[in-house]
Amino acid sequence: MDPRSWFKDLTGYFIYLLLISTIGPLLFGFHLAELNAPQDVVTCVKRSVSASLLPSLPQCIPMNPTQFGLVSSIFTLGGLVGALAAGPLSARYGRLPTMHATTVFFAVGPIFEALAPSIAVMTVGRFISGLGAGASVVVVPIYISEIAPPGEKGFFGSFTQVMINFGIFVTQLLGYFL
C-alpha cells in the first residue's frame, strides 16, 4: 500500500483525537520511569539542590533498596488491577467514559506522590497512578481502532506503544537535565 494513501482519510479532528487519547499511554511511560533518575534524591542518598516550597514536607524519604523497589513496583500492581478492570468497564460504559475516568487516577496519584511525607503515602500514590495507566493501555488501543480509518487501524493502533516509549524518553531526558 502506498503511504501517501494513508493521509487521504485523515482529518484534523482525527489527529486531535489520536493525540489526546494517547496522553494516557504517554503518562504510563512517564510514571513507569519517573523514579529512575531522581532515585538518589528521593531516597536521601544525595541532597536536593533546591529548598522545598512547603516546609512541612520532607526533602526526601529515607528508603533502603527494598523499600524503594516496593514503591517503584507497586505501580505495576496498580496497572494490573486497572487493566483487568478496564475491559469490563469499557464494555459496559463505553471507551470514552472509561478514558475520562482514568484521568482522575492520573490526577490524584501524582498529588499523593508529590506531597508524600512517608513511604506509605508514596506507595498509595504510585498504586493509584498505576490504576489509571493500566486502564489506559487497555482502553486506548480499542478506542483508536474504533475511530481510525479501516485500512490504517494497525498503523494508528501502534501510537499507543509509541507514546509509552515517548513518555519514558521524556522522563529520562528531564532526569538527565535536572
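## Exercises on a helical model

Phenylalanine 156 is buried, with a relative accessible area of 3%; buried stands for under 20%, exposed for over 50% and partly exposed for what lies between (1.4 Å probe, protein chains only). This is a predicted model, where local features need pLDDT of at least 70 and side-chain atom pairs count only at pLDDT 80 or more, while totals for chains, interfaces and linings use all residues. Residues are numbered from 1 along each chain as its sequence is written, and side-chain values use heavy atoms, without hydrogens and water.

### Exercise 1: the overall fold

Task: find how many helices and strands the protein has, and what share of its residues is buried.

Solution.
- Start with DSSP runs, numbered from the N terminus: helices are H or I with at least four residues, strands are E with at least two.
- That gives eight helices and zero strands.
- Now turn to burial: 35% of the 178 residues count as buried.

### Exercise 2: the rings around phenylalanine 156

Task: work out how the rings of phenylalanine 14 and phenylalanine 156 are arranged, then do likewise for phenylalanine 155 and phenylalanine 156.

Solution.
- Recall the rule: rings of Phe, Tyr and Trp (its six-membered ring) pair if their centres lie within 6.5 Å; planes under 30 degrees apart are stacked, over 60 edge-to-face, and the rest tilted.
- Seven aromatic pairs result from this rule.
- For phenylalanine 14 and phenylalanine 156, the centres are 5.0 Å apart and the planes stand at 80°, so this pair is edge-to-face.
- Next, locate the partners: phenylalanine 14 sits in helix α1 and phenylalanine 156 in helix α7 (residues 153–157), 142 residues apart, so the pair links distant parts of the chain.
- Phenylalanine 155 and phenylalanine 156 also have ring centres 5.0 Å apart, with planes at 75°, so they too are edge-to-face.
- Check exposure: phenylalanine 14 and phenylalanine 156 are both buried, whereas phenylalanine 155, at 35% relative accessibility, is partly exposed.
- Finally, gather the group: Phe14, Phe155, Phe156 and Phe159 make up one aromatic cluster.

### Exercise 3: serine 21

Task: decide whether serine 21 is buried or exposed, and list its contacts beyond four places in sequence.

Solution.
- Place the residue: serine 21 belongs to helix α1 (residues 12–21).
- Its relative accessible area is 6%, so serine 21 is buried.
- With contact meaning heavy atoms within 4.5 Å, serine 21 touches Met99, Val140, Tyr143 and Ile144, leaving aside neighbours within four places in sequence.
- Last, follow the side chain of serine 21, which reaches the backbone oxygen of leucine 18 at 3.1 Å.

Notes
Polar contact = N/O pair within 3.5 Å; in protein donor to acceptor, adjacent residues only side chain to side chain.
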